[in-house]
Amino acid sequence: MRTASLMADLVETFRAEGRIVIVGASLAGLRAAEALRERGFHGSLTLIGDEPHEPYDRPPLSKQVLQGWVGADHTALPRMRAVDAQWRLGVAATGLDRVNRRVLLATGDTVPYDRLLIATGVRARPWPNPAEGALRGVFTVRTRGDAAGLQAALNANPKRVLVVGSGFIGSELASVCRERGVPVTVAERGGGPLIGPLGGVIGDIAARMQRGAGVDLRTGVSVRSLDGDSEGRVRRACLSDGTTLDVDVVVASLGSIRNVEWLQGAGLAAGFWGVGCDAGCRAFDINGVVTDNIFVAGDVARQPHVLYEYQFISMEHWDNAVCGAQVAANNMISLETERRPHLPLPSFWSAQFGVNIKGVGVCSFGDEIAFTQGCPEDFRFAAVYGRRGRIVGAVTFDHGKWLPYYAAMIERSAPFPPPPPGYDRAADPVPIPSRFPDPRVPTGIPDVVLTGHDPTSRGAEFH
């Protein structure tokens, strides 16, 4: 009995005491802080964020904010409970001293920790030419400030908007422009919209949907340069096909960059795809050894997934940030037998051109696709993705009520193609190639990435 009592005291001490630092004050960081307090952590808690704002919700920035329905400053995330934390906002983390357990800040200050959560997320990939990117009227959409600036530009009734890139964000931006009656051109260097996350078959459908809504969609075309006037405002875009567009707003939707630069020299498995960690959110070092006191959550995390051949998976999805933060918080203050894995089934949604697009699984892992329900010609259908004879993902256009049905199939590795559904069967359910592009092409990178292992980019230290 005395041994059991001592063990209980040890567990309670581990759970309640110490200093926890969270680097990244957005969705994952806030939800992790709330979960820590909910699970009984009473020690010192510090949140560090490079933006001056308290945590806010990003999905509305490309939807409700740009529609003019809500201001960018009205997107604060709801608080589930008090976190009683020290907030260090508007100051970036610039380094990590693992030996002395300190986070280095841009101000020159240091913040000591006993346990650390890395939740620094991603940032928008900027326009490749800095001088052109500095022209007034050139935007990215990632932060509250980005959305507020673009909202003001759209309110000024521009003559034409150019959206560069047609992933989910770029397509949503084009949809907002058409709903507001603004002429919009989309320049996509790949074969069509959404081909990175959903493949060329769905890309053809999305292209037809965009053109039907009045979008000037140009595929296989890139933007060579942007020209401004004497006042420094963008006026023209020169395309790779030799044409020139008169534009007064340009939105670069070129994907994202994971915020890992501040970890350089820290000896963690951090790189282009994010920070490697195990299924329990514990960070790996560059030799593949799991750390004891550093955890990772949100968009910046990459971890092995049992459903996808234990390849490392990186996700830029809302639910991944929330669930990953909760798992990381639990494991930070739990002993081994109480730890649990973060094995999410990725899910996503997008509203564009009057259609709700929803999906589950890693669609880009599939090399075949089959339409199982509805009618693609009417933009109302369900389709599943397959690889090596099993279902790995599914996407629906205005058919989202069926997602739990397909999610259950993915979770149990059901055979592909699946058996016919009970009703509303597609006219042609025969599998065809899904036509995903090379994921190394910047605009072809999906929102969920299976990164695998690249032996040419190792950083291991051999002894």
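The following exchange works through selected features of this predicted model.

Student: What kind of model is this, and which pLDDT do local features need?

Tutor: Residues are numbered from 1 along each chain as its sequence is written, and side-chain values use heavy atoms, with hydrogens and water left out. The model is predicted; totals for chains, interfaces and linings use all residues, side-chain atom pairs count only at pLDDT 80 or more, and local features need pLDDT of at least 70.

Student: Which residues does UniProt list for "domain: FAD/NAD(P)-binding", and how much of that stretch is strand?

Tutor: The UniProt record, an unreviewed entry, lists residues 19-321 for this feature. UniProt positions are given in the numbering used here, feature names are shortened, and annotations may be inferred rather than shown by experiment. Helices (H or I, at least four residues) and strands (E, at least two) are DSSP runs, numbered from the N terminus. Over residues 19-321 the end C-alpha atoms are 22 Å apart, and the chain is 22% helix and 31% strand.

Student: How much of residues 348-417 is strand?

Tutor: In UniProt, the unreviewed entry places "domain: Reductase C-terminal" at residues 348-417. Over these residues the end C-alpha atoms are 22 Å apart, with 13% helix and 51% strand.

Student: Is Val-83 buried or exposed, and what is its relative accessible area?

Tutor: Val-83 lies in the loop between helix H3 (64-67) and strand E3 (86-89). Not counting residues up to four places away in sequence, Val-83 touches Ala-33, Glu-34, Arg-37 and Leu-45, where contact means heavy atoms within 4.5 Å. Buried means under 20% relative accessible area, exposed over 50%, and partly exposed in between (1.4 Å probe, protein chains only). Val-83 is therefore buried, with a relative accessible area of 4%.

Student: What distance separates the C-alpha atoms of Val-83 and Glu-34?

Tutor: Val-83 and Glu-34 are 49 residues apart along the chain. Glu-34 is among the residues that Val-83 touches. Their C-alpha atoms are separated by 5.6 Å.

Student: Which helix gives the most residues to the largest nonpolar core?

Tutor: A nonpolar core is a set of buried Ala, Val, Leu, Ile, Met, Phe, Trp, Tyr and Cys residues joined through side-chain atoms within 4.5 Å. Of the 69 residues in the largest one, Leu-150, Val-161, Leu-198, Ile-202, Val-395 and Phe-397 touch the most other members. The element that gives the most to this core, with seven residues, is helix H7 (residues 195-212).

Student: Within what arc do the buried residues of H9 fall?

Tutor: In helix H9 (residues 403-411), Leu-403, Tyr-406, Ala-407, Met-409 and Ile-410 are buried. They line one face of the helix, because, seen down the axis of H9, they fall within an arc of 160°, taken from the directions from the helix axis to the C-beta atoms. On the other side of H9, Pro-404 and Glu-411 are exposed. The arc of the buried residues is 160°.

Student: Which strands do the buried residues of H9 pack against?

Tutor: The buried residues of H9 include Leu-403 and Tyr-406. The buried residues of this helix pack against strand E25 (355-361), strand E26 (368-375), strand E27 (380-387) and strand E28 (390-397).

Student: Which residue with positive phi follows H9, and near what value is its phi?

Tutor: H9 covers residues 403-411. The helix is followed by Ser-413, whose positive phi is near 55°.
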